[in-house]
Amino acid sequence: MKVNYLTPDVAVSSQITASDIMTLEDAGFRTIICNRPDGESMDQPLFG
């Protein structure tokens, strides 16, 4: 997972996985927003 900072407080990345959550938390992230709808790609995990 590559995180790209847009500002010091906002970052974007490609699709994350469940195993990335702890890494993001340890890096100080407090909120994750998913903009991908379920079914967009067959290889993506379901959101809900």
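## What lines the largest pocket

Let's start with the walls of the largest pocket in this predicted model. Sorted by class, its lining has 18 nonpolar residues, seven polar ones and three charged ones. The space inside comes to about 910 Å³. A total of 28 residues line this pocket, and the ones closest to its centre are A11, S13, T31, I32 and I33.

Which elements give two or more residues to that lining? They are β1 (3-7), β2 (10-13) and α1 (20-26). Of the elements, β2 gives the most, with four residues.

## The overall build

Stepping back, the protein has 48 residues, and 8% of them are buried. You'll find one helix and two strands here, and if you read along the sequence they come in the order β-β-α.

As for dimensions, the C-alpha trace spans about 30 × 20 × 15 Å along its principal axes. The protein exposes about 4,300 Å², with carbon and sulfur atoms supplying 56% of that area. What about contacts between residues well separated in sequence? Take the contacts between residues at least 6 apart: 14% of those join residues at least 24 apart.

## The two strands

Now for the strands, which also turn up in the pocket lining. β1 and β2 form a hairpin, and two residues sit between them. Their pairing is antiparallel and runs over four bridges.

Want a spot to look at in the structure? Try N4, whose bridge partner in β2 is V12.

## A closer look at I32

I32 is one of the residues closest to the centre of the largest pocket. Where does I32 sit in the chain? Its place is in the segment after α1.

Is I32 buried or exposed? Neither, as it turns out: its relative accessibility is 49%, so I32 counts as partly exposed. The cut-off for exposed is over 50%, and buried means under 20%.

Which residues does I32 touch, once you set aside its neighbours within four places in sequence? The answer is I16, I21 and L24. Two of these, I21 and L24, have numbers that fall within α1 (20-26).

A11 makes a handy partner for I32 when you look at the pocket, as both are among the residues closest to its centre. In sequence, A11 and I32 are 21 residues apart, while in space their C-alpha atoms are 9.7 Å apart. A11 carries a number within β2 (10-13), whereas I32 comes in the segment after α1.

Definitions and conventions:
Residues are numbered from 1 along each chain as its sequence is written. This is a predicted model: local features need pLDDT of at least 70, side-chain atom pairs count only at pLDDT 80 or more; totals for chains, interfaces and linings use all residues. Side-chain values use heavy atoms; hydrogens and water are left out. On a 1 Å grid over the protein atoms alone, a cavity is a set of points where a 1.4 Å probe fits but cannot get out, and a pocket is an open set with protein on both sides within 12 Å along at least five of seven lines; lining residues have an atom within 4 Å of a point. Grid points are joined across faces, edges and corners, and a volume is the space filled by probe spheres set on the points. Ala, Val, Leu, Ile, Met, Phe, Trp, Tyr, Cys and Pro count as nonpolar, Asp, Glu, Lys and Arg as charged, and the others, Gly among them, as polar. Buried means under 20% relative accessible area, exposed over 50%, partly exposed in between (1.4 Å probe, protein chains only). Contact means heavy atoms within 4.5 Å. Accessible areas come from the Shrake-Rupley method with a 1.4 Å probe; for residues, only the protein chains shown count as cover. Two strands pair if DSSP finds at least two bridges between them.
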